[in-house]
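Q: I have a model open and want to learn to read its features. Where do we start?
A: Let us take the metal site, then the pockets.

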Amino acid sequence: MHTIAVVEDDRMLNEALARMLQKNGYQVTRAHTLAEGRKLAAGGPDLMIVDIGLPDGEGLDLCRMARREGEIPVLFLTARDEEADMLRAFDCGADDYLVKPFSLPVLLKHVEAILRRSGRERRTFRYQELTVDFDRKQVFCGEEPVRLTAREYALLELLVRNQGRVVTRKLILQQIWDAEGSFVEENTVNVTLNRLRKKIEPDPSSPVYIRNVFGMGYTFGK
Ligand code: CA
């Protein structure tokens, strides 16, 4: 699953983009300001969709950062009167742009094309004894393959891709259960998480991979 960061201060558009992308199998992180967008860029998404006009600065600044964070492709959104900015966007390395208003299916095609062009193959993730092969959706502890259910894997991938950040229970529910259209209680997350821990943690009672962040959610790694 590719992760796409949406940085757009228009809340309705931000929400609409996120829903459409999630429906099409992407994992989505969202921001409404440049400052929040910087945090998303640091998480190394596979693609960033960035509005040029953000309340606390220019989306273009994110482009430079996205380059530094390992060549994250950027698709800019621009209002019609911002075409000069659009030209500057290409100058600072943007991969594509769309002028508002645009249709969501068209945006989806642009997203697919950028991801194809950028050939963003999933990296293999390693942390201590744990290896996650995103392409094959396989997990290893040392050399031993770990058999995870689809949900356990999705949960692990979500946490790993957000390494070092707090992933809230709400986000987990949205990204994993809501995407399937199933309604669940928050406790379901705990149950799945505990099963996952039993399979990957050297000592599930004292986890080193998935840590609780009291009252908020979970974080992967340190
Ligand atoms: Ca804007």
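## Reading the metal site and the pockets

A: Start with the spacing of the calcium donors along the chain: D-x41-D-x1-G. Keep in mind that this model is predicted.

Q: Which residues coordinate the calcium ion, and at what distances?
A: Read a metal site by its donor atoms. Here Asp9 and Asp51 each give OD, while Gly53 gives its O. The distances run from 2.2 to 2.4 Å.

Q: Is aspartate 51 buried or exposed?
A: The cut-off for buried is under 20% relative accessible area. Aspartate 51 has 3% relative accessibility, so it counts as buried.

Q: And how does glycine 53 count?
A: Partly exposed covers the range between under 20% and over 50%. Glycine 53 has 29% relative accessibility, so it counts as partly exposed.

Q: Where is aspartate 51 found?
A: Place a residue in its element, then look at its contacts. Aspartate 51 is in strand E3, residues 47-51. Beyond its neighbours within four places in sequence, aspartate 51 is in contact with Val7, Glu8, Asp9, Gly59, Leu77 and Lys100. Asp9 in that list is also a calcium ligand.

Q: What feature does UniProt place at Asp51?
A: An annotation comes from a record, not from the coordinates. The unreviewed UniProt entry gives "modified residue: 4-aspartylphosphate" at Asp51.

Q: Now the pockets. What shows where empty space is left?
A: A probe the size of a water molecule is rolled over the atoms. In this model, the largest pocket holds about 730 Å³ of space.

Q: Which residues lie nearest the centre of the largest pocket?
A: They are Val28, Thr29, Arg30, Leu171 and Gln174, from a lining of 22 residues. Two or more lining residues come from each of helix H1 (11-23), strand E2 (27-31), helix H2 (34-42), strand E12 (166-168) and helix H7 (169-177). H1 gives the largest share, five residues.

Q: How do the residues of that lining divide?
A: Sort them by side-chain class. The largest pocket has seven nonpolar, six polar and nine charged residues in its lining.

Q: How much space lies in the second largest pocket?
A: About 400 Å³. Its lining has 21 residues, with Met1, Lys137, Ala150, Tyr153 and Ala154 closest to the centre. Strand E10 (138-141), helix H6 (150-161) and H7 each give two or more residues to this lining.

Q: Which element gives the largest share there, and how does the lining divide?
A: H6 does, with six residues. The lining of the second largest pocket divides into 11 nonpolar, six polar and four charged residues.

Methods. Residues numbered from 1 in each chain as written. Predicted model: local features only at pLDDT ≥ 70, side-chain atom pairs only at ≥ 80, totals over all residues. Heavy atoms only, no water. Donors = N, O, S within 2.8 Å, 3.2 Å for Na, K, Ca; no water. Buried < 20%, exposed > 50% of the residue type's maximum accessible area, 1.4 Å probe, protein only. UniProt positions renumbered as here; feature names shortened; annotations may be inferred. Helix = DSSP H or I, 4+ residues; strand = E, 2+ residues; numbered from the N terminus. Contact = heavy atoms within 4.5 Å. 1 Å grid on protein atoms, 1.4 Å probe; cavity = no way out; pocket = protein on both sides within 12 Å on 5 of 7 lines; lining within 4 Å. Points joined across faces, edges and corners; volume = space filled by probe spheres on them. Nonpolar A, V, L, I, M, F, W, Y, C, P; charged D, E, K, R; others polar.
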